[in-house]
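User: Please take a close look at one part of this model, the open three-stranded sheet and the helices lying across it, and explain it to a first-year student.

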Amino acid sequence: MTVPRPPEPIPGARLLFSLDPSVSHLNHGSFGAVPIAVQRAQQRLRDEMESNPLRFFTQGLVDRIAHARRHLATFLGADPDGTALVGNVTAAAAVVLQSLALRPGDEVVTTDHGYGAVALSVARECARTGAVSRTLPVPLSATDEELVEIVRDGLRPGRTRLLIVDQLTSPTARLFPTSALVAAAREQGVPVLVDAAHAPGMLPTTVASVGADFWVGNLHKWAYAPRGTAALVVAERWRGRIQPLVVSWEQDAGFPTRVEWQATLDYTGWLAAPVGLFTLRSLGVDRVRAHNAALAAYGQRVVGDALGVAPERLPEPGGPAVAMRLVPLPPGVATTMDAARELRARIADRLGAEVSVAGWNGRGYLRLCGQVYNTPEEYDRLAVRLPTLLARG
């Protein structure tokens, strides 16, 4: 098998992070990694906050948050007036769900590639309101056209109050044709929430080009922001209906401020987030995207080859910019959530590598990410040692 050539490293990129050098960090997609410059910017803001908390929270903080929001929204290609900063995608999805005023007989439609915490939020809101949730099964091998047809056939105009689809799926690292899915749902009058947790910083798609009613994305994964920084983008016709999960003193200010302001929340991560974008731009946005995607593809091939997975059986992500790749594990390995967690912990403890392991539709998968601090040798080491670990059970 011919393994693709790994990309040339970006000089000095590894030194921008404070990651433990004794560990191979191959799972950037779960919690990201905050560059040192961003850490320091946030610490300066925390020092400012603690030097005079009353001044920090009462003199200009709302305007400072709005300024950071405008900067981040512009990067995303979103309307700043329709964008609210929130803690993460899961929180943003909960805001949307509870703002819909679901009733008995309504339904929320998702796919089986969705993120588990969002599915839990859907289940809770349906239980609270009497609505129902339906999950559409989508084969991992489905083409974009087949995927759109599955979703189109699964909608029920008049009953389906919300369709939730992922831009890039977490458990299966699959790029969904979100613009086509939004268009298909709009034909039937169904609003769409796009879970774009992994899009900011990784994918070149702009929010405006997706055209969703609701779009939610994390900036603390691939855009180098401090953790707890995400964006909820809402189409103009919905903004007046969006309510925060907790009412606070900016409630009368309307969207987006009413969603952002949560009293004594630590806002320093949001204020420091533009420094993450500066770091990304300094490295070169397109350069970073190309490097990360090529490195993930390399890792997928070498680890897949070590596990005896033929190249044609390696799942394709659906786009050249995707910096997360799946490797199927041997049958019967990590097929459940508990088994996947146990295997992930063993790989971390015994092989010194942080990866993602998930059981999806009865099959275990290893998810590998590529980031500027990674090297080809890290995937090579995992490829050499993983088969022995799996053989020992």
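Analyst: The account below begins with the sheet, goes on to its helices, and ends with salt bridges and cysteines.

This is a predicted model, in which local features need pLDDT of at least 70 and side-chain atom pairs count only at pLDDT 80 or more, while totals for chains, interfaces and linings use all residues. Residues are numbered from 1 along each chain as its sequence is written, and side-chain values use heavy atoms, with hydrogens and water left out.

Helices (H or I, at least four residues) and strands (E, at least two) are DSSP runs, numbered from the N terminus. Two strands pair if DSSP finds at least two bridges between them. Strands of a sheet pair through backbone hydrogen bonds, either parallel or antiparallel.

In this open sheet, three strands follow the order S9-S12-S11, and their pairing is antiparallel. The edges are taken by strand S9 (324-328) and strand S11 (356-360); each has a single partner strand, so one side of each is left without a neighbour in the sheet. On average, neighbouring strands of this sheet are turned by 35 degrees against each other, direction ignored. Such angles are taken between axes, which are lines fitted to C-alpha atoms, for helices over the stretch in contact; the angles run from 0 to 180 degrees between N-to-C directions.

Strand S12 covers residues 363-369 and is joined to S11 by five bridges, the two strands running antiparallel. As an example of the pairing, Gly-359 has Gly-364 in S12 as its bridge partner.

Two helices lie across strands of the sheet, where contact means heavy atoms within 4.5 Å. Helix H12 (residues 285-306) lies across S9 and S12 and runs at about 10 degrees to S9. Helix H13 (residues 337-351) lies across S11 and S12, at about 160 degrees to S11.

Helix H13 also holds a salt bridge, defined as a side-chain nitrogen of Lys or Arg within 4 Å of a carboxyl oxygen of Asp or Glu. Side chains of opposite charge can pair when their charged atoms come close. Here the side chains of Arg-346 and Glu-342 meet at 2.9 Å, N to O. Both residues lie in H13, four residues apart, about one turn of the helix. Buried means under 20% relative accessible area, exposed over 50%, and partly exposed in between (1.4 Å probe, protein chains only). Arg-346 is buried at 11%, whereas Glu-342 is partly exposed at 40%.

By this rule the model has 17 salt bridges. One of them, between Asp-79 and Arg-239, spans 3.2 Å from N to O. Asp-79 lies in the loop between helix H4 (61-76) and strand S2 (83-86), and Arg-239 in the loop between S8 and H10, so this pair ties together parts that are 160 residues apart in sequence. Asp-79 is partly exposed, with a relative accessible area of 35%, and Arg-239 counts as buried at 17%.

The cysteines complete the account. A disulfide is a covalent bond between the sulfur atoms of two cysteines. It is counted here as a pair of cysteine sulfur atoms within 2.5 Å, and by this rule the count comes to zero disulfides. Cys-369 is buried, with 0% relative accessibility. Cys-126 is buried as well, with a relative accessible area of 6%.
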